[in-house]
Amino acid sequence: MPEKRLMTVNMGPQHPATHGVLRLLLELDGEVIVKAEPHIGYLHRGIEKLAESFTYNQALTLTDRLDYTSGLSNNLAYCLAVEKLLGIEVPKRAQYLRVLFAELQRIAAHLLWVATHALDLGAMTVLFYAFRDRETILETLELVTGARLTPSFIRVGGLAADIPDTFLPRVREFVADFPKRVDEYETLLTENIIWKKRTQGISALSGEECLDYGVTGPVLRASGVYYDVRKAYPYSSYEDFDFEIPLGRKGDVYDRYLVRLQEMRQSNRIVGQAAEKLPPGPVAAVDAPQIVPPAKEEVGRDVAALIRHFKIMEEGYRTPPGEVYASVESSKGELGFYLISDGTNKPFRMRIRPPSFVNLGALPRMIKGHMVADVVAAIGSIDIVLGEIDR
Amino acid sequence: MSEHKACELLKAQFPEAVRGVTEFRGETTVAVEKGQLKAVMRFLKESEATRYDLLVDFAGVDLGSATPRFKVAYLLHSMRFNNRLRIETRVAEGAELETVSDIWKSADWMEREVYDMFGIGFSGHPDLRRILLPDDFAGHPLRKDFPLKGLDFEKPFPVCLEEEKGNRIDA
């Protein structure tokens, strides 16, 4: 019998299917993966360290740069943590708008995912369809936030501004149209024989394995585990909305695909409800003048408001000493912020719980025993964003 | 939820391990003696009454001048009972903690990150290496005494030094 020889192949960090700068060291027996070792950190910017030298307002801008496909979800998670620390309540209108933004952002992130994931596996057409609709969302969000990638629009205490009049009609138009669009993606992929062969039975994880590896988000739910932060620990009035949590059964790449497509439909439902039920009122906490800066017109009129504006922008605000954890269900999984305050105007420690980082930890287990070509399918199915993994 | 059920159980099961319970903004934190951490964690995961099957987060904290210098916090979630519990323990500089990566595999990478950022060791960890920073990186950046701009900020790049000497290094 010939001697068994293993070959080590380096995949990444410059590889189009690694979605950024992920490097994998693959140990191969022929074309079968014996061992995989992810190397990360190429995008490390020290966000947790930087945050310790920023005031709470400034640190918000860092969160945009975590998972750069869903900036608004990151803003939301951070603001929830700071608000919990401060113990302030955000007005209902702001809460509903936050939900609306977060869900639109989730759809945009999932569209980017379905586009690139299908492209990785050789189905190029999906990209053109998905990017068309993602563009609509980004333009709609740009109308409000003024940014496509780094919004920093959700602020501690509420929102940076109210929505313009043109926003809701566009959202309603999108909501009415979107289910048909999802049907289109489904006709391209769901029953596609090549797609099924590339994804079914690939890199399956059981529910217990997922929990063991700490996997959250669509990957966990594709394995049939009912865990979604929106339902488990409702935040920002998610309990007011009627939506379902789609679950998969087999936990393979195909089920993850199905779960994400269903999630887009559910998110669309939430966006519709938020747009219909949107209550009137202020979009930032009115009873917290030391945290929420005054409106622009007020600053021009009233010297006290001007001073307050400067004070908030220059010095920030002090938070009571203590530690809190707040998390949201981002498009990738549970995104959490663990903030420790020592009573000053800067976080003593800001720990980010990145879903992609934890989910990627399960990748070696997922692809063990599969073919090299399946690695691309597995990486795509976790939906990683390196900005969040490396921080 | 002022009376956290798992808290009472822990107090009954490990009377000398529990050093204090903190409630803040509806979150419960139990401070645990370092020596009994592993036993406490195993109990929390395996006991039918608690079932903390998901290690959500693991964070290190440098308390600066305090002794013991470091604090680590484990955030647990129970699928069955749908609640969270934070367990924290203190570690002195140079001391090691026992790994919990054999209880939850997710701890593997999280402990590597804490090691990378704070230099806290974990005994029994299967593969304790730096994870985000390069292997030859000096220092542990999330320590409070690590300068924000880095240790080598003032140092010129080796390339520049060579050029100052008049050497062309791109040839």
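How many residues does the contact take from chain A, and how many from chain B? It takes 30 from chain A and 24 from chain B. Before I go on, a reminder that this is a predicted model.

So, who's on the chain A side? The elements of chain A giving two or more residues to the side that touches chain B are helix H1 (47-51), helix H8 (207-212), strands E6 (322-329), E7 (334-341) and E8 (349-353), and helix H14 (355-360). If you sort that side by class, you get 11 nonpolar, 9 polar and 10 charged residues.

Keep those three strands in mind, please. E6, E7 and E8 of chain A form an open sheet, in the order E6-E7-E8, with antiparallel pairing. E6(A) and E8(A) are the edge strands with a single partner each, so one side of each has no neighbour in the sheet. From one strand to the next, the twist averages 15 degrees. Looking at one pair, E7(A) and E8(A) run antiparallel and are joined by 5 bridges. Within that pairing, Phe337(A) stands opposite Ile352(A) in E8(A).

Now, what lies across the sheet? Helix H3(A) lies across E6 and E7 of chain A, and runs at about 150 degrees to E6(A). H3(A) covers residues 71-86. Have a look at Ala81(A) while you're there: leaving out residues up to four places away in sequence, Ala81(A) touches Val324(A), Ala326(A), Phe337(A) and Leu339(A). So Phe337(A) turns up again, this time as one of the residues that Ala81(A) touches.

Ala81(A) also takes us to the core. The largest nonpolar core has 155 residues, and the members that touch the most others are Ala81(A), Ala378(A) and Leu76(B). Note the chain letters there: Leu76 is from chain B. Helix H4 of chain A, residues 92-120, gives the largest share of this core, at 17 residues. As background, nonpolar side chains tend to be buried together in soluble globular proteins.

One more helix in chain A: H2(A), residues 56-63. Why do I call H2(A) largely enclosed by the rest of the structure? Because 6 of its 8 residues are buried. Those are Tyr56(A), Asn57(A), Ala59(A), Leu60(A), Leu62(A) and Thr63(A). What do they pack against? The buried residues of H2(A) pack against H1, H3, strand E4 (154-155) and E8 of chain A. Two of those, H1(A) and E8(A), you've met already on the side that touches chain B.

Over to chain B, then. We have 4 helices and 7 strands here, and along the sequence the pattern reads α-β-β-α-β-β-β-β-α-β-α. Chain B has a radius of gyration of 21 Å, whereas a compact globule of 171 residues would come out near 16 Å. The C-alpha trace of chain B spans about 75 × 30 × 25 Å along its principal axes. Buried residues are 37% of the 171 in the chain. As for contacts in chain B between residues at least 6 apart in sequence, 46% join residues at least 24 apart.

Last stop is Asp136(B), in the loop between strand E7 (121-123) and helix H4 (158-164) of chain B. Is Asp136(B) buried or exposed? Exposed, because it has 6 C-beta neighbours inside 10 Å, and the cut-off for exposed is 12 or fewer. To place this residue, compare it with Leu55(B): the two are 81 residues apart in sequence and 30 Å apart in space, C-alpha to C-alpha.

That's my tour, thanks.

Conventions. Residues numbered from 1 in each chain as written. Chains lettered and ligands numbered in written order. Predicted model: local features only at pLDDT ≥ 70, side-chain atom pairs only at ≥ 80, totals over all residues. Contact = placed C-beta atoms within 7 Å. Nonpolar A, V, L, I, M, F, W, Y, C, P; charged D, E, K, R; others polar. Core = buried A, V, L, I, M, F, W, Y, C linked by C-beta atoms within 7 Å. Buried ≥ 20, exposed ≤ 12 C-beta atoms within 10 Å, placed from the backbone. Rg over C-alpha atoms; globule rule 2.2 N^0.38 Å. Pairing = 2+ DSSP bridges. Axes fitted to C-alpha atoms, helices over the stretch in contact; angles between N-to-C directions.
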